[in-house]
Amino acid sequence: MTERINLKQTDDIRDVIHLAVQYLAKGGLVAFPTATAYVIAGQSLNASAMSKLRSFSQPDEPLVLCVKGFDEALDYQPEMASIGQKLAKRCWPGPVVLEMDRPGSDSLFSQLPEDVQSQICPQNRIRLRAPAHEIIFQTLRLSPSPLVLLNEQAKYQTADSLMEDFDGEVALIIDDGPSRFGDQSTIVSITDNQWSILQPGVVTETTLKRLSSEIYMFVCTGNTCRSPMAEGLFRKMLSDKLGCQEDELSDHGFIVGSAGLAAAMGAPPSPEGVTILAEQEIDIQAHESQPLTERLLEQADYLYTMTQGHRAAILAERPDLEESVRLLSPEGKDVSDPIGGGFQCYVECKKEIEKYLHSIVAQIHISEN
């Protein structure tokens with residue numbers, strides 16, 4: 001008999017999480033809500049649970065290894081292609097499943113029992129996902145190993161619809177009402193460092209193109225003088241190289257932005273910078289300052305700082321970003337802050353930034369596709 005709990009009628013969500021963990025530890029299956037559709041999960045260390053999930057799935061179709069996030073995904077698939085890493089960082093937690101080559105012997109996946117491995121990956125491919133729902137995330141935190149999910153089906157948008165097909169087959173259904181998006185997750189195949197959509201879903205091809213773009217970020221202190229000028233100049237140079245309009249850069253796989261280590265949110269660019277760039281028909285009037293957040297740090301492929309001090313401050317907090325955080329000047333020089341120095345200081349600052357940007361743009365390879 002399947003037990004069903006309505007989250008909206010629960011006094012303490014922690015009780016539901018502990019109950020789910022108990023059922024999973026005993027080899028039972030639990031149905032969880034997600035932002036897309038309800039999913040059925042089993043504990044990856046339990047061969048019996050994996051056999052049950054496999055019996056509900058297509059023979060050669062991989063099950064979905066459910067992880068808390070990108071870092072744990074790398075433990076189970078340390079050889080994840082760079083495009084897979086990029087999409088995982090930018091899409092998770094969220095409604096995207098990544099399918100890629102089966103992990104090798106140096107992965108945590110290889111430490112799972114062999115019969116469990118074969119149930120999850122009947123062939124040479126594995127699927128990974130980090131769902132965006134608190135109840136399943138907290139259950140993962142209390143589980144000794146990742147959960148494994150039956151591939152999601154769009155028709156299970158409510159607990160009622162899932163109950164009709166799986167009453168008595170799952171131990172527990174956690175009811176959180178209709179799914180928010182009303183659609184299934186997008187399954188993305190990663191092969192030879194390229195992506196393609198296996199199963200269309202809530203995340204569209206257009207969105208995936210944007211999420212797989214190369215992101216360039218320019219960083220100064222307040223994000224009102226140097227970095228907005230660098231962003232504006234770089235957009236212009238890059239669009240000229242691509243032969244497109246600046247607002248078409250994302251269509252060509254590039255996103256350009258800027259931020260400040262001590263920036264307020266929403267401050268306008270310096271009038272001097274606006275005037276100087278306008279002479280080259282570069283419009284940065286609509287720029288609004290923003291602080292450099294953890295999310296921006298995680299997502300940037302290339303992050304250029306104006307000074308050694310800016311770079312050192314970032315790396316003091318995130319030494320793992322040594323390769324992606326670079327000084328704008330290849331000569332190791334600081335680009336001085338022109339604020340308070342008069343109009344000519346801004347002119348000189350702009351010329352210096354422009355010189356360094358030319359060398360960066362020259363090194364960017366433009367795909368023929």
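This is a short dialogue on reading the sheet, two helices that lie across it, and one buried serine in a predicted model.

Me: How do strands of a sheet pair?

Reply: Through backbone hydrogen bonds, and the pairing is either parallel or antiparallel. Here 10 strands form an open sheet with mixed pairing. Their order is E1-E8-E2-E3-E7-E4-E6-E5-E9-E10.

Me: Which are the edge strands?

Reply: An edge strand pairs on one side only, and here that holds for E1 and E10, the latter spanning 194–199. From one strand to the next, the twist averages 30°.

Me: Where can I see parallel pairing with E8?

Reply: Look at the two strands beside E8 in the order. Strand E1, residues 3–6, runs parallel to E8 and is joined to it by 4 bridges. On that side, Arg 4 has Ile 173 as its bridge partner in E8. Strand E2, residues 30–32, also pairs with E8 in the parallel sense, over 2 bridges. There, Ala 31 stands opposite Ile 173.

Me: And which strand pairs with E10 in the antiparallel sense?

Reply: Strand E9, residues 186–191, does so over 5 bridges. One position to find is Ile 190, which stands opposite Trp 195 in E10.

Me: Are the faces of strand E8 covered or open?

Reply: To read this, check the residues on each side of the strand. Both faces of E8, residues 172–175, are covered. Leu 172 and Ile 174 are buried on one side, and Ile 173 and Asp 175 are buried on the other.

Me: Which strands does helix H6 lie across?

Reply: Helix H6, residues 134–141, lies across E2, E3, E4, E7 and E8. The helix runs at about 140° to E7. Helix H2, residues 47–55, lies across E3 and E7, at about 150° to E3.

Me: How many residues of helix H4 are buried?

Reply: In H4, residues 82–91, 7 of the 10 residues are buried, so the helix counts as mostly covered. Among them are Ile 83, Leu 87 and Cys 91, along with Lys 86 and Arg 90.

Me: Why is Ser 44 called buried?

Reply: Because its relative accessible area is 0%, and buried means under 20%. Ser 44 is found in the loop between E3 and H2.

Me: What does Ser 44 touch?

Reply: Leaving out residues up to four places away in sequence, Ser 44 touches Met 50, Leu 112, Val 116, Ser 145, Pro 146 and Val 148. A polar contact of 2.6 Å joins its side chain to that of Ser 145. A polar atom of the Ser 44 side chain also lies 2.6 Å from the backbone oxygen of Pro 146.

Definitions and conventions
Residues numbered from 1 in each chain as written. Predicted model: local features only at pLDDT ≥ 70, side-chain atom pairs only at ≥ 80, totals over all residues. Heavy atoms only, no water. Buried < 20%, exposed > 50% of the residue type's maximum accessible area, 1.4 Å probe, protein only. Pairing = 2+ DSSP bridges. Axes fitted to C-alpha atoms, helices over the stretch in contact; angles between N-to-C directions. Contact = heavy atoms within 4.5 Å. Polar contact = N/O pair within 3.5 Å; in protein donor to acceptor, adjacent residues only side chain to side chain.
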